[in-house]
Amino acid sequence: MSTKPTDAAPTTPATPSAVAAPAAAAAPARGPGALLARARRWTHPVLVANLVAQIGIIVTGGAVRLTGSGLGCSTWPECEPGQFTAAFHSETSYHQYVEFGNRTLTGVLGVIAVVVAVLVWSDRSRTRPYRLLGLAPLAGVVAQAVLGGVVVRMHLNPGLVSLHFVISGVLVATSLLLLHRSGEGDGPPVPVVTPRLRALGTTLSVLTVPVVVLGVIVTGAGPHSGDDEIAYRIAVDPALMTKFHAASVWLFLAVLVATLVVAVRTAAPGTVRRSLWLLLGITLLQGAIGYVQYFTGLPWVLVGLHMLGAALLVAGAVRVPLTMRTRAVVEPVTAHDSARDRATSP
């Protein structure tokens, strides 16, 4: 009796490795690395929250200053000796709650900064400079907390109080830069506008510094310097400093209008023109608030809105030159890629 040959290929017993490999590939990744990888999907919302909180702390810090609540808590890190929180008693004023509220927001901001640092630093697919930038909010919050304690213990030294606001402005700028960088690649910057427009955009960012610094000096030299007992804590002429501040704003506005005109005439990308229009709106609103508060006796509500506008101005001015370039996504080089390149190289 003969047998017919079949077309089926002979089978070999499956090895344990051949069976285990597909199972291992299908198994979901576990461990801290996998958890961080899933958490990084929330990087963008966390960075937005960080920027909003950095602006918010300027507003609450302004409330402390405008209500004369700088020493609402008499010590630091405790609010009062033996207690970390504001407590009601017969001699309690609202100043204690204003100051403690600002400290509470600082704690919230600190938590956000820690999350930012973890999410950004753990992303090994990005370059080291970007990952280091993710540590800046946390470093800034720590520095601000320490400086706040020094300010309280030195009974609201005017120079240190002003430095408080300047550092907050730097943190707003850094947080905006970090948020923007998270949405672009790590390739070299490639301009998308003319060299003249890029120069104007950079000039806008530079001019923001004297605008903000002079504004801080004006506030410290005026009746809202943060101390109810001493009306003018920085010994300069408030009217003269106000004129210097106004002149810096007019110069900023002139350069901004020139930048917008050039952007329209050269058909700059829509993102560039929109960022300039937004910055123009913020600047005009800031100017209007500034003049109204000056001629109405500096009501504290308008001064507070002016401080909020200053934070928005910083963010807007930093964003303008960032929209004038693009950065391509660069695929990270893995160990497998390096080994393959060495194997195929002549």
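A residue counts as buried when its relative accessible area is under 20%, and as exposed when that area is over 50%. Keep those two cut-offs in mind. They apply at once to helix 10, where Val272, Ser275, Leu276, Leu279, Leu280, Ile282, Thr283, Gln286, Ile289, Gly290 and Gln293 are buried. We will come back to this helix after a look at the whole protein.

The model is predicted. Its average pLDDT is 80, and 72% of the residues score at least 70. Over residues 1-28, pLDDT is below 50, and this stretch has one contact in the model beyond near neighbours in sequence. Residues 335-346 also stay under 50. The model gives that second stretch two contacts beyond four places in sequence. Where pLDDT is low, the predicted coordinates should not be read in detail.

Now the overall layout. The protein has twelve helices and two strands. Along the sequence, they follow the pattern α-α-α-α-α-α-α-β-α-α-α-α-β-α. Of the 346 residues, 40% count as buried. The protein exposes about 19,200 Å², and carbon and sulfur atoms supply 70% of that area. How far apart in sequence are the residues that meet? Take the contacts between residues at least 6 apart: 76% of them join residues at least 24 apart.

Next, the inside. The largest nonpolar core has 30 residues. Those with the most contacts inside this core are Leu47, Leu51, Ile58, Val116, Phe165, Val172 and Leu178. Which helices supply at least two residues each? They are helix 3 (43-66), helix 4 (94-121), helix 5 (128-133), helix 7 (158-182), helix 8 and helix 11. Helix 3 gives the most, with seven residues. Look at Leu51 for a close-up. Leaving out residues up to four places away in sequence, Leu51 touches Val172, Ser175, Leu176 and Leu179. Another core lies apart from this one. That second core has 23 residues, among them Leu197, Leu204, Val320 and Met324.

Val314 is a good place to pause. This residue lies in helix 11, which covers residues 300-322. Is Val314 buried or exposed? Its relative accessibility is 9%, so Val314 counts as buried. Beyond residues up to four places away, Val314 touches Gly169, Val172, Ala173, Thr208 and Val212. Val314 and Ile55 are 259 residues apart in sequence. In space, their C-alpha atoms are 10.0 Å apart.

Move on to helix 9, residues 238-265. Helix 9 has 28 residues and reaches 41 Å from its first C-alpha to its last. That is close to the 40 Å expected at 1.5 Å a residue. Its buried residues are Met241, His245, Ser248, Phe252, Leu253, Val255, Leu256, Thr259, Leu260, Val262 and Ala263. What covers them includes helix 8, helix 10 and helix 11. Thr242 is also found in helix 9. Setting aside residues up to four places away in sequence, Thr242 touches Val218 and Tyr294. Thr242 and Val218 are 24 residues apart along the chain, and their C-alpha atoms are separated by 5.9 Å.

What comes just after helix 9? There, Ala267 takes a positive phi of about 55 degrees. Most residues other than glycine have a negative phi. Ala267 is not a glycine, yet its phi is positive. Ala267 sits in the loop between helix 9 and helix 10. With a relative accessible area of 63%, Ala267 is over the 50% cut-off, so this residue is exposed.

That loop leads back to helix 10. Does its length fit, and what is the expected span? The 26 residues should span 38 Å at 1.5 Å a residue, and the end C-alpha atoms are 38 Å apart, so the two values agree. The buried residues of helix 10 pack against helix 8 (195-221), helix 9 and helix 11. Ser275 lies in this helix. Its relative accessible area is 3%, so Ser275 is buried. Not counting residues up to four places away in sequence, Ser275 touches Arg319, Val320 and Thr323. With Thr323 there is also a polar contact of 3.5 Å between the side chains. Gly297 follows helix 10, with a positive phi near 85 degrees.

Terms used
Residues are numbered from 1 along each chain as its sequence is written. Side-chain values use heavy atoms; hydrogens and water are left out. Helices (H or I, at least four residues) and strands (E, at least two) are DSSP runs, numbered from the N terminus. Buried means under 20% relative accessible area, exposed over 50%, partly exposed in between (1.4 Å probe, protein chains only). A polar contact is a pair of N or O atoms within 3.5 Å; within protein, one must be able to donate a hydrogen and the other to accept it, and residues adjacent in sequence count only if both atoms are side-chain atoms. Contact means heavy atoms within 4.5 Å. The expected span of a helix is 1.5 Å times one less than its number of residues. pLDDT is the predictor's confidence in each residue, from 0 to 100. Accessible areas come from the Shrake-Rupley method with a 1.4 Å probe; for residues, only the protein chains shown count as cover. A nonpolar core is a set of buried Ala, Val, Leu, Ile, Met, Phe, Trp, Tyr and Cys residues joined through side-chain atoms within 4.5 Å.
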